[in-house]
Amino acid sequence: MSLPFFGHVIDGEEVPSASGETFTSIDPYTQEPWAEIALGGAAEADRAVAAARRAFDEGPWPRMGFTERGRLIHRFADLIEEHAEELGRADTHDMGKPITQSRDSDVPRTAMNFRFFADHARLATGETLPMDTGHHAYTRFDPAGVVAAVAPWNFPMMLESWKVAPALGWGNTVVLKPAEDTPTSATIMARLALEAGIPPGVFNVVHGYGPDSAGAALTENPHVDRITFTGESGTGRIIAAAGARNLVPVSLELGGKGANIVFDDAELENAVSWSIRAIFTNTGQVCVAGSRLYVQRGIFDTFMKRFTEVASAMVIGDPQDERTEIGPLASQEHFGKVSEYVSTVESSGGTIETGGFVDGWRVAPTVVTGLGQDSRHAREEIFGPLVVAIPFDTEEEALALANDSRYGLNAMLFTENLSRAHRMAARLKAGSVWVNCFFIRDLRAPFGGAGDSGIGREGGDFSREFFTEPKAVVMQIEQ
């Protein structure tokens with residue numbers, strides 16, 4: 001039986017590669033191919049950029065009013081919601097995410113991203129700057145041009161929309177390269193964009209690999225005006241260098257090693273519930289995962305007993321099954337990486353309280369104690385369902401432990417002390433701090449990180465600043 005085919009979407013058409021080459025997407029649960037994908041390279045990347053360039057320079061999209069552009073983006077969001085089952089199943093087949101997460105969480109958030117940025121662009125205000133010299137100044141935010149968007153595999157459609165939505169909302173054209181492990185939902189979204197009436201060339205999708213392939217060609221193309229990337233920190237450095245050569249602004253949302261701090265006055269069940277979600281959602285394949293768990297010593301044993309009980313009870317199974325909470329890791333390569341960390345816990349001096357290997361590419365929710373702050377497991381981004389729990393005594397110690405990382409993407413803290421919450425939030429080295437919760441988002445707020453977690457912020461006005469060319473206009477009003 002032939003596999004379903006997913007092509008590039010370039011200039012309003014779904015097309016194969018010029019070479020005719022393809023690759024397969026592997027379902028990580030069955031470990032069998034489930035879809036055939038067009039394998040692009042420099043030719044497809046350059047063709048897509050040329051289409052986006054024409055659509056921006058000559059087409060109607062950047063010249064539409066915000067209302068008309070927003071109407072088309074909202075129609076696109078409607079279609080995303082109508083195709084929730086298809087999109088959810090695509091991501092679940094591609095990377096093993098439980099269907100209740102991909103369909104019931106990621107699809108609505110994808111649609112919400114498009115709706116938010118369509119409305120934000122229409123409702124955002126500029127500045128008027130009265131001058132006392134007979135002149136008047138005001139600001140404009142004009143679209144930047146062609147956006148190259150390179151997306152990760154852990155939240156495929158949702159993080160693709162986080163890049164594409166603000167770019168389109170502000171009148172740019174886009175070439176999206178999804179991760180090669182999770183290509184299919186990107187093609188589906190591009191099909192829906194055309195069905196919604198978004199003009200050809202405005203939203204293009206090119207499949208392929210990174211180095212010496214479509215990804216490198218896309219980020220190195222001199223006709224690209226903005227590059228936005230989410231992924232691993234080492235790849236981010238390569239993309240930053242490519243942008244620097246062409247003097248192209250780059251937005252990088254990179255790795256993380258989130259600190260989760262539980263004080264002894266925390267509401268126990270609330271802290272346990274959110275902490276479980278913080279590390280085990282999406283089988284731990286989350287850049288903001290709370291993979292460093294610091295618990296105040298007075299409640300360490302009580303908290304860890306309850307936390308371990310809940311982790312042990314999570315349902316591991318077929319991600320297409322509605323009951324499954326933990327699916328396989330996204331690929332054989334990634335399973336190998338995570339497995340190395342799991343297999344070296346005990347030789348490093350740690351204890352696995354629950355979890356470890358299951359079968360196939362599956363790792364159970366794994367809770368580790370007995371390792372110190374300097375262990376590899378507590379310092380390196382594992383990107384899997386493994387959390388290292390470390391006790392602390394004082395607020396200052398917790399702060400020092402949390403900030404002792406080359407990453408600075410996010411942190412969480414659980415306390416009923418309002419003053420402590422504000423003190424810690426102010427001093428934590430993190431782009432986002434969640435107090436008594438995890439990953440609650442307001443799309444107006446900045447998102448991004450410090451250190452090896454990236455460069456720049458996106459969200460609300462921060463996305464406007466990146467995806468536009470802010471312009472000052474000064475007029476003489478008195479002769």
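## Two domains, one chain

Domain bounds here come from an automatic or database domain assignment. In this predicted model, that assignment splits the protein chain into domain 1 (5–254 + 453–474) and domain 2 (259–435). So where do their centres sit? Taken over C-alpha atoms, the centres of domain 1 and domain 2 are 31 Å apart.

## How the two domains touch

Let's look at the contact itself. Domain 1 puts in 25 residues, while domain 2 puts in 28 residues. Between them, the two domains bury about 2200 Å², and 54% of that is on carbon and sulfur atoms.

Which residues of domain 1 lose the most area to domain 2? They are Tyr29, Trp153 and Ser453, and together these three make up 25% of what the domain 1 side buries.

## Bridges and polar pairs

How many salt bridges cross the interface of domain 1 and domain 2? The rule finds one. Glu322 pairs up with Arg103 in a salt bridge, and their closest N and O atoms are 2.8 Å apart. Polar contacts turn up here as well: ten residue pairs make them between domain 1 and domain 2.

## The domain 1 side up close

Two helices to look for on the side of domain 1 that touches domain 2 are H3 (84–95) and H4 (99–123), each supplying at least two residues. H3 gives the most to this side, with five residues.

What kinds of residues make up the side of domain 1 that touches domain 2? It's a mix: nine are nonpolar, nine are polar and seven are charged.

Notes
Residues are numbered from 1 along each chain as its sequence is written. This is a predicted model: local features need pLDDT of at least 70, side-chain atom pairs count only at pLDDT 80 or more; totals for chains, interfaces and linings use all residues. Side-chain values use heavy atoms; hydrogens and water are left out. Contact means heavy atoms within 4.5 Å. Buried area is the accessible area (1.4 Å probe) that two parts lose on being put together, summed over both. A salt bridge is a side-chain nitrogen of Lys or Arg within 4 Å of a carboxyl oxygen of Asp or Glu. A polar contact is a pair of N or O atoms within 3.5 Å; within protein, one must be able to donate a hydrogen and the other to accept it, and residues adjacent in sequence count only if both atoms are side-chain atoms. Helices (H or I, at least four residues) and strands (E, at least two) are DSSP runs, numbered from the N terminus. Ala, Val, Leu, Ile, Met, Phe, Trp, Tyr, Cys and Pro count as nonpolar, Asp, Glu, Lys and Arg as charged, and the others, Gly among them, as polar.
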